[in-house]
Amino acid sequence: MIKGNGIEFYKNEINFRQVIEKQRLQQSDEALFVCDINDLRQKYEIWNQLMPGIKPHYAVKCNDDPMVIKTFAQLGANFDCASKGEIKLVLAENVEPQCIIFAMPCKPLTHLAYAKENGVMTSTVDSEFEILKIHQHFPESKLILRIRCDATDVKLSFGEKFGCNAKTEAPAIMLLAKKSRSKVIGISFHVGTGCNELPAYDRAITEARHLFDFGKTLGFNMNILDIGGGFPGSDFQKFKEMSKIIRCSVERNFPEGNIRVIAEPGRYFVESAYTLICKIHSKRETKLADGSRTKHYYINDGVFVSFANVVVEHYQVVVRHLLDDDDAAPTFKTTIWGPTCDAYDKVGENLQLPDLKCEDFLIFPNMGAYSIPLATRFNGFGPSNIVYFDKATTDNNLED
């Protein structure tokens, strides 16, 4: 592997043993993220193949690493920002303001003012109060009305917090927008995180079509359908099935083809691009009355730092080890704990791992979503560092 402009290059795959050695992790008590920029690029290519004509607006909240924003800006993605801070991050990468949607239905006035000052014209709303607020402070805004359409099988639903009822509330909000001369240009929804009821997208798109028709009767130039997020980051087959349902629904509900369809993927783009390397610093073993044993490993990262997704999203970690004889080694029931003194700092339980020692390393793939932005400094443990890798091309002159 060679290095250039802060990025390491690899030929076939990232060698984590080499990363540990080069980054001197054996002499450190810090965990380390490894970001594969090529994985980000591949996800963007797959999106364009399976979701042709649906413009992705990367959800910055999922992972606000500037390298991610820079990479997607270079690839031509647009961005979903939920705050003044996220808009600042995106604009810092020379992204044009028209490529940003302020996709927070309930905006603080100072954030709304910042969007206005910087020409971010498009934002979402889901209530009459927000219509009146924007009418008073940013009447030139182009508004996308967010409706509620929760999937029935989902890890995390947003419907209780965001989104109006498409039948009982949305028409009244649109009538108020008409009366206040606000510009409603489209409909958005979010079926929820970790969606397993894939037809939920079809239900939501069908509801949106009805509101498009109603909006047109009011004289609105309805031209944007925002299908939100909820796309898996490490399950290609599921994403493939989901994309087919979405494409078919869009074609059936909007056969005219005269609208822009956008989406707000976050996890899909970044989950598989990040791997976390952790070191075991302590261990113990407990014996139950039935004679069974559980091994407990304490590592240098936890739910108050990079594994916040375990708590807020019920994320089930995947873990690998680096033993040479991994096929032959017997495994044991294992619990992995974070480094803080808090009893909730549990990374995973009922895992199967071989007998490991202090100073051994554990590898956690698929750690790019809702990990880095959620890190705290609780108990004096801070955010983990990141190193960046990209697949070598002939221009990189990679020799090994």
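Buried means under 20% relative accessible area, exposed means over 50%, and partly exposed lies in between, with a 1.4 Å probe and protein chains only. The model is predicted: local features need pLDDT of at least 70, side-chain atom pairs count only at pLDDT 80 or more, and totals for chains, interfaces and linings use all residues. Residues are numbered from 1 along each chain as its sequence is written, and side-chain values use heavy atoms, with hydrogens and water left out.

**Exercise 1. Describe the barrel and one of its strand pairs.**

Step 1. Fix the terms. Helices (H or I, at least four residues) and strands (E, at least two) are DSSP runs numbered from the N terminus. Two strands pair if DSSP finds at least two bridges between them.

Step 2. Follow the strand order. Eight strands form a closed barrel in the order β4-β5-β6-β7-β8-β9-β10-β11, and the pairing is parallel. On average, neighbouring strands of this sheet are turned by 30° against each other, direction ignored. Axes are lines fitted to C-alpha atoms, for helices over the stretch in contact, and angles run from 0 to 180 degrees between N-to-C directions.

Step 3. Take one pair. Strand β5 (residues 78–81) runs parallel to strand β6 (residues 100–102), and three bridges join them. Opposite Cys81 stands Phe102 in β6.

Step 4. Add a helix. Helix α6 (residues 128–137) lies across β7 (122–125) and β8 (142–146), at about 150° to β7.

**Exercise 2. Work out the surroundings of Asp126.**

Step 1. Locate the residue. Asp126 belongs to the loop between β7 and α6.

Step 2. Check its charge partners. A salt bridge is a side-chain nitrogen of Lys or Arg within 4 Å of a carboxyl oxygen of Asp or Glu. Lys and Arg count as positive and Asp and Glu as negative, while His and the chain ends are not counted. Asp126 is buried but has no salt bridge, and the nearest side chain of opposite charge, that of Arg146, is 5.9 Å away.

Step 3. Look for polar contacts. These are pairs of N or O atoms within 3.5 Å; within protein, one must be able to donate a hydrogen and the other to accept it, and residues adjacent in sequence count only if both atoms are side-chain atoms. At 2.9 Å, the side chain of Asp126 reaches the backbone nitrogen of Gly163.

Step 4. List the neighbours. Contact means heavy atoms within 4.5 Å. Not counting residues up to four places away in sequence, Asp126 touches residues including Pro105, Leu145, Arg146, Lys161 and Ile173.

**Exercise 3. Compare the burial of the partners in three salt bridges.**

Step 1. Start with the total. The whole structure holds 20 salt bridges.

Step 2. Take Glu197 and Arg203. Their salt bridge has its closest N and O atoms 2.9 Å apart. Glu197 counts as buried because its relative accessible area is 16%. Arg203 has 35%, so this residue is partly exposed.

Step 3. Take Glu271 and Arg267. Their side chains meet in a salt bridge of 3.2 Å, N to O. Both Glu271 and Arg267 are buried.

Step 4. Take Asp355 and Lys295. A salt bridge of 3.5 Å, N to O, joins their side chains. The pair links distant parts of the chain, 60 residues apart: Asp355 is in the loop between β16 (346–354) and β17 (361–364), and Lys295 is in strand β13 (residues 293–299). Asp355 is partly exposed because its relative accessible area is 42%, whereas Lys295, at 7%, is buried. Salt bridges with shared partners join Lys283, Glu285, Arg293, Lys295 and Asp355 into one network.

**Exercise 4. Trace the pairing from β13 to β16, then place Asp360.**

Step 1. Pair β13. Four bridges join β13 to strand β15 (residues 331–337), and the two run parallel. Tyr297 has Ile336 in β15 opposite.

Step 2. Continue to β16. Six bridges pair β15 with β16 in the antiparallel sense. Thr334 has Leu351 in β16 as its bridge partner.

Step 3. Place Asp360. The residue lies in the loop between β16 and β17. Asp360 is buried because its relative accessible area is 15%.

Step 4. Name its partners. The side chain of Asp360 reaches the backbone nitrogen of Lys357 at 2.8 Å. Apart from neighbours within four places in sequence, Asp360 is in contact with Cys278, Lys279, Ile280 and Leu323.
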